Amino acid sequence: MLLLAACTTSDRPSTGAVPTTPAAPATGSAGTAPVAAGTPSVAAATGCRSRVETGTLPDWAQTGFHGDARAPHVLGAQGHIVAVLFGNPLAQVRRDGSNNKILWVSRPATASADPTSPATLVITATLDGTGTRVTREVDGGPGPSIIDMPSAGCWHLDLRWGGRSDSMDLVYAERKP
């Protein structure tokens, strides 16, 4: 069971949306959707490598949760960060009033962080098979967020925070079922 506070912590919306190449216009409210269960055709067609796990969160990511600590999540390619998906499946358009909530949990660092590195989590996302690239920021570093993308598909995320980095693929469905 998830600790309710993890779901209700005030969400910090993404900021600093800076398209570096033209992006498809968003329809309705912007939506964010990492690799969504139930969208294997998108993942298979685009070569998305990260997949949504539904089992127990890694031990180091269970702070703030209790019990079995199961939640849909995607682990970074290097294992330094996990995206816990409270808005699963993620969708470019969400008509039910919900958000694409992602809790970013960073694995504890084995070395001291560079004090000159900004704590902000900077996400550079590239839509698979296109030149569409956007930047999103989560002030204060890994934590609760709402990350919206301008179009549906497989997004390759390059994640940088506090002198650390990782990457993952997240699929945003066209609309929430």
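**Group meeting: a walk through one predicted chain**

I will start at one residue, leucine 157, which sits in strand β8, the stretch covering residues 153-161. Before going on, please keep in mind that this is a predicted model.

Is leucine 157 buried or exposed? Its relative accessible area is 3%, and buried here means under 20%, so leucine 157 counts as buried. What does leucine 157 touch, once we leave aside its neighbours within four places in sequence? The list is Trp104, Ile123, Thr124, Ala125, Asp166, Ser167, Met168 and Leu170. Take serine 167 from that list. Serine 167 and leucine 157 are 10 residues apart along the chain, and their C-alpha atoms are separated by 5.4 Å.

Leucine 157 also appears in the largest nonpolar core, which has 23 residues. Which members of this core touch the most other members? They are Ile102, Trp104, Leu157, Leu159 and Met168. As for where the core comes from, the elements giving two or more residues to it are β2 (81-85), β4 (101-106), β5 (121-127), β6 (133-138), β8 and β9 (164-175). There is a second core, separate from that one, with 10 residues, among them Trp60, Ala71, Val82 and Leu103.

Staying with strand β8, we come to the disulfide. The structure holds one. In general terms, a disulfide is a covalent bond between the sulfur atoms of two cysteines. In this model the partners are cysteine 48 and cysteine 154, with an S to S distance of 1.7 Å. Where do the two cysteines lie? Cysteine 48 is in the loop between α2 (40-46) and β1 (73-75), while cysteine 154 is in strand β8. They are 106 residues apart, so the pair links distant parts of the chain. The torsion about the S-S bond is about 110°, and therefore the disulfide is right-handed. Both ends are buried: cysteine 48 has a relative accessible area of 12%, and cysteine 154 has one of 1%.

The loop that holds cysteine 48 also holds threonine 63, between α2 and β1. Threonine 63 counts as exposed, because its relative accessibility is 74% and the cut-off for exposed is over 50%. The C-alpha atoms of threonine 63 and valine 105 are separated by 9.1 Å, and these two residues are 42 apart along the chain.

Now the chain as a whole. How many helices and strands are there? The chain has two helices and nine strands. Reading along the sequence, the pattern is α-α-β-β-β-β-β-β-β-β-β, with the helices ahead of the strands. There are 177 residues, and buried ones make up 42% of them. If we take the contacts between residues at least 6 apart in sequence, 64% of these join residues at least 24 apart. The area the chain exposes is about 8500 Å², and carbon and sulfur atoms supply 56% of that.

Last, the confidence. The average pLDDT for the chain is 77, and 71% of the residues score at least 70. Where does pLDDT stay under 50? That happens over residues 1-46. The model still has 125 contacts beyond four places in sequence for that stretch. Helix α2, at 40-46, falls at the end of that stretch.

To recap, leucine 157 is buried, it belongs to the core of 23 residues, and its strand, β8, also carries cysteine 154 of the disulfide.

Terms used:
Residues numbered from 1 in each chain as written. Predicted model: local features only at pLDDT ≥ 70, side-chain atom pairs only at ≥ 80, totals over all residues. Heavy atoms only, no water. Helix = DSSP H or I, 4+ residues; strand = E, 2+ residues; numbered from the N terminus. Buried < 20%, exposed > 50% of the residue type's maximum accessible area, 1.4 Å probe, protein only. Contact = heavy atoms within 4.5 Å. Disulfide = S-S within 2.5 Å. Core = buried A, V, L, I, M, F, W, Y, C linked by side-chain atoms within 4.5 Å. Areas by Shrake-Rupley, 256 points an atom, 1.4 Å probe, with all protein chains shown as cover. pLDDT = per-residue confidence, 0-100.
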